[in-house]
Amino acid sequence: SHYMKFDITRPQIWAVSDVTYAQYFGWPKEFLKMDILQPQVKQRMPAVVFVTGGGFVASPKENDIQLRVHMAEAGYFVASVEYRTIPNGIFPDPVVDVKAAVRYLRAHADTFNIDPDRIAVMGESAGGYLAAMVGASNGDKEFDKGDNLDQSSDVQAVIDLYGLSDLGKVAADFPKEEQKKHESPAALQALFVNGTSFSAKGGGSVADHPENVQAANPVNYISDKTPPFLLMHGDHDRTVSPSQTELLYNALQEKGISAERYVVEGAGHADEYWAQPEVEKVILDFLDKNLKNKK
């Protein structure tokens, strides 16, 4: 026999999948769910609402499992959320959904053993954009709809991994032929802000409706209530221009909001670079500074 003796360095984590946090009784009926990772610890935990990307057409809450598990091992309650997507969910629907998830966690803070005063929102790609919108608009009630309206949807920190910011400039850093695709009324960001030609907004390209693009730009919601931001982007991203997070970073800096931005050398869009411990460390250091150590 071999005898082993060691110290406990990480908590056990319980997973609870498919918890319904919001429901809509239109057609189609939608029951929005979250997947929870719950560290088994005695003290109240800070929480992270995690928003996966999917080009506004999918919200695969099961993705980014490594990153979510490592955050949970570090003592964070993590809830990965579904949100409404094209064609049924266009701006501002998914922003409304992620805010509903924040309120749901606050309403159930006792059940989940979380500290309602320490909640971050984090996302990648389209999810990074949604996280940025949710955080930038802290204190702004226009996206608070649905249940648990007695709870605040404000967050204490935002992490935006290669998210979009100005939906009219998503391809700004790319070759001309690539930019052409983004000028189509069928481009995903155009469908997201303008809907289809049969929707109430009538469809159209991003250039056709600059007012809709501006209404969906997190830069335009920054206020003194906006929390600290961490932005990260790969310098080889060929899906969302790296200048997208830079625009947001500069706007946050100008308004005096605490913001950090990291460019990951060699990293593309949602590739294996984002599963590496170096990225994880930057994220956990930011969370620890802004949530864990703010008792």
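**The sheet**

Start with the open sheet of eight strands, ordered β1-β2-β4-β3-β5-β6-β7-β8, with mixed pairing. Select its edges next: β1 (13–24) and β8 (259–264) each have a single partner strand, so one side of each is left without a neighbour in the sheet. Look along the sheet: neighbouring strands are turned by 20 degrees against each other on average, direction ignored. Keep in mind throughout that this is a predicted model.

**β1 and β2**

Select β1 together with β2 (residues 30–39). A hairpin of five residues links the two strands. They run antiparallel, and nine bridges join them. Pick out two of the rungs. Thr20 has Lys33 of β2 as its bridge partner. Val16 has Ile36 of β2 as its bridge partner.

Now keep β2 and hide β1. On to β4 (77–81). β2 and β4 are also paired in the antiparallel sense, here over four bridges. Find Met34: its bridge partner in β4 is Val81.

Is β2 enclosed or open to the outside? Eight of its ten residues are buried, so the strand is largely enclosed by the rest of the structure.

**The cores**

Stay on Met34. This residue is among those with the most contacts inside the largest nonpolar core, along with Leu105, Tyr129 and Leu167. That core has 63 residues. Apart from it lies another core, of 26 residues, including Phe50, Leu161, Met232 and Ile283. In soluble globular proteins, nonpolar side chains tend to be buried together.

Which residues does Leu105 touch, not counting those up to four places away in sequence? Show Met34, Ala47, Val49, Phe77, Ala79, Phe112, Ile114 and Ile119. Some of these take you back to the sheet: Phe77 and Ala79 fall within β4 (77–81).

**Helix α1**

Select α1 (residues 65–73). This helix lies across six strands: β1, β2, β3 (45–51), β4, β5 (114–124) and β6 (157–161). α1 runs at about 45 degrees to β2.

Add helix α9 (residues 277–292). Two packed helices are described by the angle between their axes and the distance between the axes. For α1 and α9, the angle is about 40 degrees and the axes are 11 Å apart. That angle makes α1 oblique to α9. The crossing of α1 past α9 is right-handed.

Show the side chains at the contact. α1 supplies Leu67, His70 and Met71. α9 supplies Glu280, Ile283, Leu284 and Leu287. Ile283 has come up before: it belongs to the core of 26 residues.

**Asp117 and Gln156**

Go to Asp117 in strand β5. Is this residue buried or exposed? Asp117 is exposed, with a relative accessible area of 57%. Draw a distance to Val155. The two are 38 residues apart in sequence, yet 8.3 Å apart in space, C-alpha to C-alpha.

Next, Gln156, in the loop between α4 (126–136) and β6. Gln156 is partly exposed, at a relative accessible area of 26%. What is Gln156 in contact with, leaving aside its neighbours within four places in sequence? Arg106, Pro116, Asp117, Arg118, Ile119, Pro227, Pro228 and Leu291. So that the view stays readable, colour Asp117 and Gln156 separately; Asp117 is one of the contacts of Gln156.

Finish with a long line across the model. Thr9 and Gln156 are 147 residues apart along the chain, and their C-alpha atoms are separated by 26 Å.

Note on methods: Residues numbered from 1 in each chain as written. Predicted model: local features only at pLDDT ≥ 70, side-chain atom pairs only at ≥ 80, totals over all residues. Heavy atoms only, no water. Pairing = 2+ DSSP bridges. Axes fitted to C-alpha atoms, helices over the stretch in contact; angles between N-to-C directions. Contact = heavy atoms within 4.5 Å. Buried < 20%, exposed > 50% of the residue type's maximum accessible area, 1.4 Å probe, protein only. Core = buried A, V, L, I, M, F, W, Y, C linked by side-chain atoms within 4.5 Å. Parallel < 35°, antiparallel > 145°, perpendicular 65-115°, else oblique. Left-handed = near helix turned anticlockwise from the far one by under 90°.
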